[in-house]
Amino acid sequence: MATQNPKKPENPVAPPSVGNDDSVVLERRAQRVKPPQMFQVVLLNDDFTPMEFVVHVIQEYFSKDRETATQIMLKIHLEGKGICGIYTRDVAGTKVDQVSQAARNAGHPLQCLSEPIE
């Protein structure tokens with residue numbers, strides 16, 4: 001059994017810099033954060049992928065309505081490539097993978113890539 005009374009804690013000692021005129025004051029600076037670099041997802045034209053499949057892919061993976069998807073498909077057909085959307089790097093890479101996988105599963109050689117926007 002303990003018969004001794006517990007010791008009282010000692011008074012805390014102030015750090016040496018507190019109360020001296022030599023103390024340093026840090027100023028808070030606002031940090032400027034640049035927005036992430038954006039990437040455009042581009043579909044490339046080929047002679048084998050049906051136009052209807054391209055319209056379906058644009059509607060499904062880029063959330064475009066049928067009219068907009070058809071306009072993008074025609075641009076791809078006439079100019080050789082068309083921009084389907086603009087995203088951050090990770091999202092653009094995911095879209096490219098999804099479109100490429102859907103094209104392979106359907107047996108079409110549709111090419112999709114992402115390009116950085118300058």
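A residue counts as buried here when its relative accessible area is under 20%. Keep that cut-off in mind as we walk through this model, which is predicted.

Let's begin with helix H1, residues 51–62. Its buried residues are Phe53, Val54, Val55, Val57, Ile58 and Phe62. An α-helix has 3.6 residues a turn, so residues three or four places apart point the same way. What do the buried residues of H1 pack against? Their neighbours are strand S1 and strand S2, together with helix H2 (66–79) and helix H3 (89–106). As for its length, H1 has 12 residues and spans 16 Å from the first C-alpha to the last, close to the 16 Å expected at 1.5 Å a residue. Just after the helix comes Ser63, with a positive phi of about 55 degrees.

Now turn to strand S1, residues 38–44, where five of the seven residues are buried. S1 has strand S2 (residues 81–88) as an antiparallel partner, with seven bridges between them. It also runs antiparallel to strand S3 (residues 111–116), this time over six bridges. Leu43 is a handy place to see both pairings: its bridge partner in S2 is Gly82, and in S3 it stands opposite Cys112.

Finally, look at Met38, which also belongs to S1. Is Met38 buried or partly exposed? Its relative accessibility is 31%, so it counts as partly exposed. On the surface, Met38 joins Ile83, Ile86 and Ile117 in a nonpolar patch. Together these four residues offer about 310 Å² of accessible area.

Terms used
Residues numbered from 1 in each chain as written. Predicted model: local features only at pLDDT ≥ 70, side-chain atom pairs only at ≥ 80, totals over all residues. Heavy atoms only, no water. Buried < 20%, exposed > 50% of the residue type's maximum accessible area, 1.4 Å probe, protein only. Helix = DSSP H or I, 4+ residues; strand = E, 2+ residues; numbered from the N terminus. Pairing = 2+ DSSP bridges. Patch = residues over 30% accessible without salt bridge, like charges linked within 9 Å, V, L, I, M, F, W, Y side chains within 5 Å. Areas by Shrake-Rupley, 256 points an atom, 1.4 Å probe, with all protein chains shown as cover. Salt bridge = Lys/Arg side-chain N within 4 Å of Asp/Glu carboxyl O. Expected span 1.5 Å × (residues − 1). Contact = heavy atoms within 4.5 Å.
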